[in-house]
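Please examine the sequence and the three-dimensional structure below. The paragraphs that follow begin with one helix contact and then widen to other parts of the chain.

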Amino acid sequence: MSIKTPRLTRDRCGVFYIRLVVPKALRADIGKSELRRSLRTKDCSIAKQRALTLNLALEAALTNPKISDFEHLFNSPEVTTRKAMTIDFERGFFHADTPEEGQALQSIVASYASNRANAVREQITEIMPVNKCGTSLETAKFRYFMERIKTLKKSTYNKQLGVVGAFAKMTGNIDVGLITAMTVADYKIRLLEDNRSASTVNDHLSILRGFFDFCINNKIARMENPAVGMNIAGSSNQMESYDTFSAEEIERIFHPEQYLKQLKLPDFYWCPLIALFTGARAEEIASLDISQIKEERGIAYIDILKGKTDNAKRKVPVHDQLIALGFLGYVQVMKEAGYLKLFPHLRDGKNGYRKNMCRNFGKYLDKKEVNVVSELKVFHSFRHTVVTALTNAGVNDGLKRVMVGHDMDTRMSSHDVYIHESELTLENMQRAINKLNYKSVNFDALRLTSTTFLEPVARRLKSKFSTREAE
C-alpha cells in the first residue's frame, strides 16, 4: 500500500504542486488562506522527492516551540522574578507560584506568541513564495499620487488620498503583491460596519480600482486588480443621481424678495445665476479669476481652464440674461478695484473655493419660503437642469457636451463620430446657450448695480485679515 505524500497535489496539466493551508492565525499577515508552489515536474517520483524536502522545511517552521526558543525573555531586565515557572506549550500547561510571576508569565507568553508568529510567517513565505513584488503599499501610494496631483483638482486629490490612506491604514504597509480580493472585501465590510452608504462604499472601491490599475500598468505588481467586481450591486453613483430643479422650484429659488434678502455676498448672488445659465460646476465658478472672463469676436465668454476632468477645459459664452443682470459690469468693477479673483474673499481650502458658497446655498434651499428640501436637489442640480433644458430646446449633443465639459468620446449616437470639437464655434455655442429660458423668473427685479458688492467684499477681506493677524 502506497503512502500518500502530504500536501502534494497536481494541476489539470499534470504539473505537481505543494499546497499549504495557511494556519488561521497567520492568514491576515500572509494575505492568503493557502499557498501553492510548483515542483516543476510531471514525474510522480521526482515530485515526491521534492515534496519531501519542502515538507521537512515546513514542519520545522511549524513545529511546537521549546523553552529554549524564548530563554532570552527570562533574561530581560524587565523580568526580575525567579525562573521557577513552568511553561509547557505542547500540553498547554503554564504555572507560576506568585501573582508577580503570573504577570511576568503572561508577558513572556504574549511576547513569544508575537515573535513566533512573525518567525513562522517569514519562514513559510520563504519556503512557499507568494506574489511579493518588492514594493510596499506606502511606496506605491506615493508614486501614484505624485502623478495624480498633476491632473486632479485639489478637493478630488485630497479625497482620493484619504481613501487610499484609509485602506493602507487598515492593511498596514504590506507588499502590494500580497493584496488580494479578500483584502479589499474586508475593507468594504469595514466601511459598511461604519454605516457608510452604498454609494460611498462604491466610490471608495472605484478609487481603489484606479490605484491598483496604476500599480498593474506601471509594472509595480503582477496581479489581477483586487477591487474589480467589488461594487455593491444596484447602487448608482450619488453624483449621477441628483435631480433637476422644476420650473416652480427655480421660480422660488430666484424670487427677488427672498434671493436679495438672503444672498448678500457676490459669490452667494452670482454663483447660482452663473450655474443656471452655464451648467458649470460649483468649483469651476467659485475659483474663477477675473482674467478668465474674456471676449472674442464680440462674444463674452468664460474661459474655464480646469475642472473635475480633462474635458472640463472649455469656453462657455456668457448668456444674454447674465449680461442684462450686470455680470460684465461686476467683472469690470472688481478688476478696476485691483482684485485678481472674481470672488476675492473666498479662500482655497480642503474642499476648494466652493465650500461655504455651497453650504450657504443648501441652507437657503431649506428655508420655508424656498422649500426645496431634498438630498438630491443641491447646487449640482443646476448642471442637470441646464443639460435637460438644452435637450428640450433641441440643442445637439455635441454642443451640450462641449459647453458643460463632458467627454466628447461619450458617443450618444452613431452620427456623433462626425462631430469635431474644434468646429463647434463660439457663435454656435452662444446661440445654443441663449436657448436657456426661464420664463417664470422675474430677472429684472434681481438686477443690482455693478458696485453693490465692493463694500461687502472689502469688509469681509478686512475681517479675515484681522483674524489672521490676531492668530
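Two residues are in contact when heavy atoms of theirs lie within 4.5 Å. The model discussed here is predicted. In it, Asp267, Phe268, Cys271 and Pro272 of helix α11 meet Asn356, Met357, Asn360 and Phe361 of helix α15. By character, the residues of this contact of α11 with α15 comprise five nonpolar, two polar and one charged. Helix α11 covers residues 266-278 and helix α15 residues 355-366. Their axes are 10 Å apart and form an angle of about 80°. Angles of 65 to 115 degrees count as roughly perpendicular, so α11 stands roughly perpendicular to α15.

These helices belong to a protein of 471 residues, of which 41% count as buried. The protein contains 19 helices and eight strands. Among its contacts with a separation of 6 or more, 66% are between residues 24 or more positions apart. The accessible surface of the protein amounts to about 26,200 Å², and carbon and sulfur atoms contribute 49% of that area.

Helix α6 may be considered next. It runs over residues 154-171, which makes 18 residues. From its first C-alpha to its last, α6 reaches 26 Å, close to the 26 Å expected at 1.5 Å a residue. Which residues of α6 are buried? They are Ser155, Thr156, Tyr157, Gln160, Val163, Val164, Phe167, Ala168 and Thr171. An α-helix has 3.6 residues a turn, so residues three or four places apart point the same way. The buried residues of α6 pack against three helices, namely α5 (137-148), α7 (181-193) and α8 (198-217). Just after α6 comes Gly172, whose phi is positive at about 85°.

The packing of α6 with α7 can be described in more detail. The axes of α6 and α7 are 11 Å apart, and the angle between them is about 105°. The two helices α6 and α7 are therefore roughly perpendicular to each other. On the side of α6, the contact is made by Val163, Ala166, Phe167, Met170 and Thr171; on the side of α7, Thr183, Val184, Asp186, Tyr187 and Arg190 take part. The residues of this contact of α6 with α7 divide into six nonpolar, two polar and two charged.

Beyond α7, the loop between α7 and α8 holds Asn195. Although Asn195 is not a glycine, its phi is positive, at about 65°. Is Asn195 buried or exposed? Its relative accessibility is 71%, so Asn195 counts as exposed, the cut-off for exposed being over 50%.

The loops on either side of strand β6 complete the picture. Gln292 lies in the loop between α12 (282-286) and β6 (293-296). With a relative accessible area of 9%, Gln292 is buried, because buried means under 20%. Leaving aside neighbours within four places in sequence, Gln292 is in contact with Ser287, Tyr301, Ile302, Asp303, Ile304 and Leu305. Arg297 is located in the loop between β6 and β7 (299-304). Arg297 is not a glycine, yet it has a positive phi of about 55°. At a relative accessible area of 53%, Arg297 is exposed.

Technical notes. Residues are numbered from 1 along each chain as its sequence is written. This is a predicted model: local features need pLDDT of at least 70, side-chain atom pairs count only at pLDDT 80 or more; totals for chains, interfaces and linings use all residues. Side-chain values use heavy atoms; hydrogens and water are left out. Helices (H or I, at least four residues) and strands (E, at least two) are DSSP runs, numbered from the N terminus. The expected span of a helix is 1.5 Å times one less than its number of residues. Buried means under 20% relative accessible area, exposed over 50%, partly exposed in between (1.4 Å probe, protein chains only). Accessible areas come from the Shrake-Rupley method with a 1.4 Å probe; for residues, only the protein chains shown count as cover. Axes are lines fitted to C-alpha atoms, for helices over the stretch in contact, and angles run from 0 to 180 degrees between N-to-C directions. Angles under 35 degrees count as roughly parallel, over 145 as roughly antiparallel, 65 to 115 as roughly perpendicular and the rest as oblique. Ala, Val, Leu, Ile, Met, Phe, Trp, Tyr, Cys and Pro count as nonpolar, Asp, Glu, Lys and Arg as charged, and the others, Gly among them, as polar.
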